[in-house]
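Morning, everyone. Please have the structure up on your screens. I'll go straight in.

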Amino acid sequence: MTMNKQINVLIVEDEPLIINSLQNVLEHISDSDSGFTFKISTAKNCDTADYEIEKAINGIPLDLILLDISIPASKDRALLSGEDLGVKIRDLFPKAKIMVFTSHNNNYRLNNILKTINPDGFLIKSDIDFMDLVNATTIVLNGDPYYSNAILRLMRLHVANEFTLDGTNRKILYLLSKGIKNKDLPGLINLSKGGIERRKRVLKEIFSVENKDDSALISEAAKRGYI
């Protein structure tokens, strides 16, 4: 008799119903003679998820992360979303499988996630049902990637590389969207006032709002799903 392989799972999701659905998916896989059993931890925000990640560094490494992008930021704003968590997990646990779930359908934001995290599975919530999740998770656990239909369409579009924003640029956009004044940004971002202004000029070029004020930049970034 073959012994099942135990998979250490972290579910990062802020909606209890979806957490329950994902747990049911894993239970279904475990009960279907897949060869896998699961040890599951959950986190509903960036702070709790970061705690679980740090705990895994000195404990049992993470094998599978089911990651929602739109979760509450950490209190210190060092982690703004699931995207930042995904980048950290990819760096700390390069062998782990990351499956991203999101309600975003904006091509620019989705393309950014593809390039920063390079997830093993990438699914739009509106694309999938229970058995799609079972199928996708099983495929990823067995070593192959899985992308839902909207992601496959995006990959065929080959959205331009210049819309990939690093963590500092996204933090600038986030802070500006929360009403933080330019004079206060250097205290929240490890850049000089001049460095921040240079990044803002580049951001305005990327979002085609050159010679416009910061509100135009925030508006366009929000339309494209970055805020």
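Let's start at the end of the chain, with helix α9. Its buried residues pack against α7 and α8. Which residues of α9 are buried? They are Asp214, Ala216, Leu217, Ile218, Glu220 and Ala221. Two acidic side chains sit in that list, Asp214 and Glu220. After α9 comes Gly225, and its phi is positive, near 85°.

One caution before I go on. This is a predicted model. Please keep that in mind for each value I quote.

Now the overall picture. The chain has 9 helices and 6 strands. How does its radius of gyration sit against that of a compact globule? For 227 residues, a compact globule would come out near 17 Å. The chain has 19 Å, which agrees. Along the principal axes, the C-alpha trace spans about 70 × 40 × 30 Å.

Next, burial and surface. Of the 227 residues in the chain, 47% are buried. The accessible surface comes to about 11,700 Å². Carbon and sulfur atoms own 49% of that surface. As for contacts, take those with a separation of 6 or more. Residues 24 or more positions apart make up 69% of them.

Back to the helices. Two packed helices are described by the angle between their axes and the distance between the axes. I have two pairs to show you.

The first pair is α7 and α8. Helix α7 covers residues 167-177, and α8 covers 193-206. What is the angle between them? About 90°, with the axes 11 Å apart. The two helices are therefore roughly perpendicular to each other. From α7, the contact uses Thr168, Asn169, Ile172, Leu173 and Leu176. From α8, it uses Ile196, Arg199, Lys200 and Leu203. By class, that contact has 5 nonpolar, 2 polar and 2 charged residues. Look at the numbering as you rotate the helices. An α-helix has 3.6 residues a turn, so residues three or four places apart point the same way.

While we are on α8, find Val202. Val202 lies in that helix. Is Val202 buried or exposed? Neither: at 41% relative accessibility, Val202 counts as partly exposed. Now set Val202 against Asp132. The two are 70 residues apart in sequence and 40 Å apart in space, C-alpha to C-alpha.

Between α8 and α9 there is a loop, and Asn211 lies in it. The phi of Asn211 is near 65°, a positive value in a residue other than glycine. Asn211 counts as exposed, at 83% relative accessibility.

Arg77 also deserves a look. Arg77 is placed in the loop between β3 and α3. Its phi is near 65°, a positive value in a residue other than glycine. How accessible is Arg77? The figure is 34%, so Arg77 counts as partly exposed.

On to the second pair, α2 and α3. Helix α2 runs over residues 46-57 and α3 over 82-92. They pack at an angle of about 5°, with their axes 11 Å apart. That makes α2 roughly parallel to α3. Which residues make the contact? On α2, they are Cys46, Ala49, Asp50, Ile53, Glu54 and Ile57. On α3, they are Leu85, Lys88, Ile89 and Leu92. This contact divides into 7 nonpolar, no polar and 3 charged residues.

Stay in this region for Leu62. Leu62 is found in the loop between α2 and β3. Leu62 is buried, with a relative accessible area of 7%. What does Leu62 touch, leaving aside neighbours within four places in sequence? Its contacts are Asn8, Leu10, Ile53, Ala56, Phe93 and Ala96. Leu62 and Ile89 are 27 residues apart in sequence, with their C-alpha atoms 8.6 Å apart.

Last residue: Arg90, in helix α3. Not counting residues up to four places away in sequence, Arg90 touches Ala96, Ile98, Ile117, Asn118, Pro119 and Asp120. Take Pro119 from that list. Arg90 and Pro119 are 29 residues apart along the chain, and 8.8 Å separates their C-alpha atoms.

To wrap up, here are the two pairs again. α7 and α8 are roughly perpendicular. α2 is roughly parallel to α3. And the buried residues of α9 pack against α7 and α8. That's it from me.

How values were computed:
Residues are numbered from 1 along each chain as its sequence is written. This is a predicted model: local features need pLDDT of at least 70, side-chain atom pairs count only at pLDDT 80 or more; totals for chains, interfaces and linings use all residues. Side-chain values use heavy atoms; hydrogens and water are left out. Axes are lines fitted to C-alpha atoms, for helices over the stretch in contact, and angles run from 0 to 180 degrees between N-to-C directions. Helices (H or I, at least four residues) and strands (E, at least two) are DSSP runs, numbered from the N terminus. Angles under 35 degrees count as roughly parallel, over 145 as roughly antiparallel, 65 to 115 as roughly perpendicular and the rest as oblique. Contact means heavy atoms within 4.5 Å. Ala, Val, Leu, Ile, Met, Phe, Trp, Tyr, Cys and Pro count as nonpolar, Asp, Glu, Lys and Arg as charged, and the others, Gly among them, as polar. The radius of gyration is taken over C-alpha atoms; the globule rule is 2.2 Å times the number of residues to the power 0.38. Buried means under 20% relative accessible area, exposed over 50%, partly exposed in between (1.4 Å probe, protein chains only). Accessible areas come from the Shrake-Rupley method with a 1.4 Å probe; for residues, only the protein chains shown count as cover.
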